[in-house]
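Here are a few exercises to work through with the model open in your viewer. Try each one before reading its solution.

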Amino acid sequence: MRIIVSIFLLVVIVLGITLALIAIPFDGSIGQVGGHYIENGIKETGATNIVTSVVLEYRGFDTLGEVTILFIAAIGLGAVLATGTKNKNGSKNITPASLIVYTGCRFLFPLIILFGFYVFVHGHLSPGGGFQGGAVIASAFVLIYMARRGRKLSMVPAKVMESLGGLVFVLVGLIGLAIGGQFLYNFLPLGVPNTLLSAGIIPIIYIAIGFKVGSELTGVIDNLIEES
Amino acid sequence: MDSNLIINFLDNYIYYIGAFGLVFIGLLIILIKKNLIKVIIGLGILDTGVNLFLITVGYIKQGTAPIFSKPGLDPATMVDPVPQALVLTSIVIGVAILALALSLAIRLYRHYGTLNLRRIKEQRW
């Protein structure tokens with residue numbers, strides 16, 4: 001009975017949404033806003049990746065809110081899972097994985113970290129950016145936890161990185177406010193497009209976001225593994 | 001003639017069908033599954049469906065990514081960058097929701113000793 005009611009409800013909901021939205025043509029032309037960004041994006045921001053220029057320049061304040069949401073979720077996860085009692089004998093029962101997994105993780109860890117850095121340093125030139133690079137870096141730390149079950153990493157450097165990343169983002173935005181009169185104003189020279197040192201403040205903010213997201217996701221994984 | 005019509009229809013609407021299919025599957029899992037972990041997986045699938053729909057709205061056939069990585073790329077053939085930027089935000093928020101939901105599931109399991117939503121009195125409907 002439950003299932004029938006659920007399916008009936010869902011069919012009504014999905015049909016309603018579909019009938020309302022099917023009028024949006026597939027393969028239509030781009031809207032005015034997107035067209036403006038593509039036409040003038042390089043001139044106005046210096047970033048060859050237009051998505052990056054939208055995320056950090058035209059809608060930079062939006063991204064600050066997004067980073068805040070991730071931060072609050074990480075804090076909420078820690079608060080929900082906190083038991084108040086520290087697991088003192090946790091360090092004793094470290095069980096290493098098999099030799100193949102252990103050696104493979106040791107071999108891959110620096111390469112994955114390097115790739116993560118590459119992804120967020122080149123965020124304004126190629127596909128990728130701070131959020132993606134941060135996720136790649138966090139996946140390297142998952143490998144460490146998999147190689148030695150029960151091992152605890154110190155989370156103090158991650159916490160420091162996280163705070164510094166957020167601070168750099170807000171400070172760069174406020175300096176822009178002081179110089180140009182608007183939050184996240186691009187006060188550095190734009191440089192030549194398609195070179196690493198271009199696009200003004202965009203690489204600085206994306207590197208800060210990369211550090212912040214990487215350490216935040218590592219903290220989330222650490223919390224979840226510790227409790228399971 | 002008839003098959004031509006179907007192909008034409010699929011050609012125009014296959015992405016929408018896929019996106020709303022994912023939304024439908026996600027909602028169905030959320031409504032009828034008993035295990036809380038499966039409900040959270042359903043939440044993830046629903047998230048993916050919505051993201052796919054947003055990306056599809058900005059798509060252009062034979063379009064390239066909005067990145068001027070080499071000279072000679074025509075801005076007229078690029079897809080809309082705005083939905084892509086919004087979906088980037090949406091994916092990050094999806095990760096945050098997933099992490100928070102999993103932590104609540106761990107907490108619920110520790111309190112009740114089960115993840116079966118039929119056995120937890122406050123969660124029954």
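A residue counts as exposed if 12 or fewer other C-beta atoms lie within 10 Å of its own, and as buried if there are 20 or more. Keep in mind that this is a predicted model.

**Exercise 1.** Check the length of helix 4 of chain A, then work out how its buried and exposed residues are arranged.

*Solution.*
1. Helix 4 covers residues 60-81 of chain A, so at 1.5 Å a residue its 22 residues should span 32 Å. The end C-alpha atoms are 32 Å apart, which agrees.
2. Next, pick out the buried residues: A:G60, A:T63, A:E66, A:V67, A:L70, A:A73, A:A74 and A:L77.
3. Look down the helix axis: these buried residues fall within an arc of 130°, so they line one face.
4. Now turn to the face pointing away from that buried side, where A:F61, A:G65, A:T68, A:I72, A:I75 and A:A79 are exposed.

**Exercise 2.** Find which residues have the most contacts inside the largest nonpolar core, and which helix supplies its largest share.

*Solution.*
1. The core has 45 residues, and A:V54, A:L70, A:I202, A:I205, A:I209 and B:A99 have the most contacts inside it.
2. Helix 8 of chain A gives the largest share, nine residues.
3. Zoom in on A:V54: beyond its neighbours within four places in sequence, it contacts A:Y37, A:R59, B:P81, B:V82 and B:A85.

**Exercise 3.** Describe the side of chain B that touches chain A.

*Solution.*
1. Count first: 41 residues of chain B are in contact with 42 of chain A.
2. Helix 3 of chain B gives the most to that side, with 16 residues.
3. By class, the side has 31 nonpolar, seven polar and three charged residues.

How values were computed
Residues numbered from 1 in each chain as written. Chains lettered and ligands numbered in written order. Predicted model: local features only at pLDDT ≥ 70, side-chain atom pairs only at ≥ 80, totals over all residues. Helix = DSSP H or I, 4+ residues; strand = E, 2+ residues; numbered from the N terminus. Expected span 1.5 Å × (residues − 1). Arc of directions from axis to C-beta. Core = buried A, V, L, I, M, F, W, Y, C linked by C-beta atoms within 7 Å. Contact = placed C-beta atoms within 7 Å. Nonpolar A, V, L, I, M, F, W, Y, C, P; charged D, E, K, R; others polar.
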